[in-house]
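Visitor: I'm new to this structure and would love a close look at a single part. Could you walk me through one strand and what surrounds it?

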Amino acid sequence: MNGKFITIEGIEGAGKSTQLTFIKNYLTAQGKELVVTREPGGTVLGEQIRSLLLTPSDIAMAVDTELLLMFAARAQHVAQVIKPALDAGKWVISDRFTDATFAYQGGGRGISQQRIEQLAQWTLNGLEPDLTFLFDLPVELGQQRVLSRNQGKDRFEQEEVDFFQKIRDCYLQRAKHQPSRIKVIDSSRSISDIEQQLSAILDSI
Ligand code: T5A
């Protein structure tokens, strides 16, 4: 298996989509064969689950339902897209993966990390990213950037500042415990500064 599995994480408005394009172009220029994907989603079934998870609704979704839907989409994504691509020696870049579940459903919603770990072991069978970029910035700055895009808010974006603060704390905590895999990128810096940092890390793997 020569392919690498890279994931991109962060709170809303952290610049994941912006930098995903840079990472994709950078690796393609080096001749890597890439599969670029996202969670929740990445498959036809997963995109249907994404719609259930992100579309605002008057029906309150139970936190366990949210958690299980995330993993249902992920099980399909791993089986249909990620694992076959890695087995074929391709590089996979996913906009979010299991760290997001620990941060959002764990940190944000308060589900125990142990419970999430059990589901991760069950559905992933040991699959873990080789490298994760955690785009980090103050919650208020992320929210300003989301607002400046002038689009409607999805079900998560409608949450309060406190929810995203807990998510940010959880992400940073995970990065502290897994520094060789999770690289924290200061997203309050300029886009070109961030690109320089990303290329240095990508050159080292
Ligand atoms: N979720 C997901 C869970 O709860 N559990 C899970 O297990 C998983 C997998 C998915 C939602 O699902 C949740 C998390 C999410 O709420 P999403 O579309 O993946 O949604 O994630 P969002 O965070 O909603 O993505 P966004 O598009 O809002 O944020 P991005 O991609 O981080 O931000 P981006 O690149 O669009 O940038 C935002 C704005 O800032 C500007 C950009 O031009 C853009 O206008 N910008 C900068 N401006 C100045 N300086 C910089 N350095 C900038 N970088 C970007």
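Visitor: To start, which residue in S4 is the bridge partner of isoleucine 6?

Guide: Happy to help! Please keep in mind that this is a predicted model. The partner you are asking about is leucine 131, which belongs to strand S4, residues 131-136. That pairing is part of a wider contact: strand S1 (residues 5-10) runs parallel to S4, and 5 bridges join the two. S4 is also joined by 5 bridges to strand S5 (residues 182-186), again in a parallel arrangement. Here you can look for phenylalanine 135, which stands opposite isoleucine 185 in S5.

Now for the side chains. In a regular strand they alternate between the two faces of the sheet. In S4, Leu131, Phe133 and Phe135 point one way, while Thr132, Leu134 and Asp136 point the other way. Buried here means under 20% relative accessible area. Because 6 of the 6 residues of S4 are buried, the strand is largely enclosed by the rest of the structure.

The end of our tour is a cavity. The count comes to 1 cavity of 30 Å³ or more, and the largest cavity has a volume of about 30 Å³. Its lining includes Leu134, Phe135 and Asp136, along with Gly10, Ile11, Arg168, Tyr171 and Leu172. S4 and helix H7 (161-177) each supply at least two residues of that lining. Sorted by class, the lining has 5 nonpolar, 1 polar and 2 charged residues.

Key: Residues numbered from 1 in each chain as written. Predicted model: local features only at pLDDT ≥ 70, side-chain atom pairs only at ≥ 80, totals over all residues. Heavy atoms only, no water. Buried < 20%, exposed > 50% of the residue type's maximum accessible area, 1.4 Å probe, protein only. Helix = DSSP H or I, 4+ residues; strand = E, 2+ residues; numbered from the N terminus. Pairing = 2+ DSSP bridges. 1 Å grid on protein atoms, 1.4 Å probe; cavity = no way out; pocket = protein on both sides within 12 Å on 5 of 7 lines; lining within 4 Å. Points joined across faces, edges and corners; volume = space filled by probe spheres on them. Nonpolar A, V, L, I, M, F, W, Y, C, P; charged D, E, K, R; others polar.
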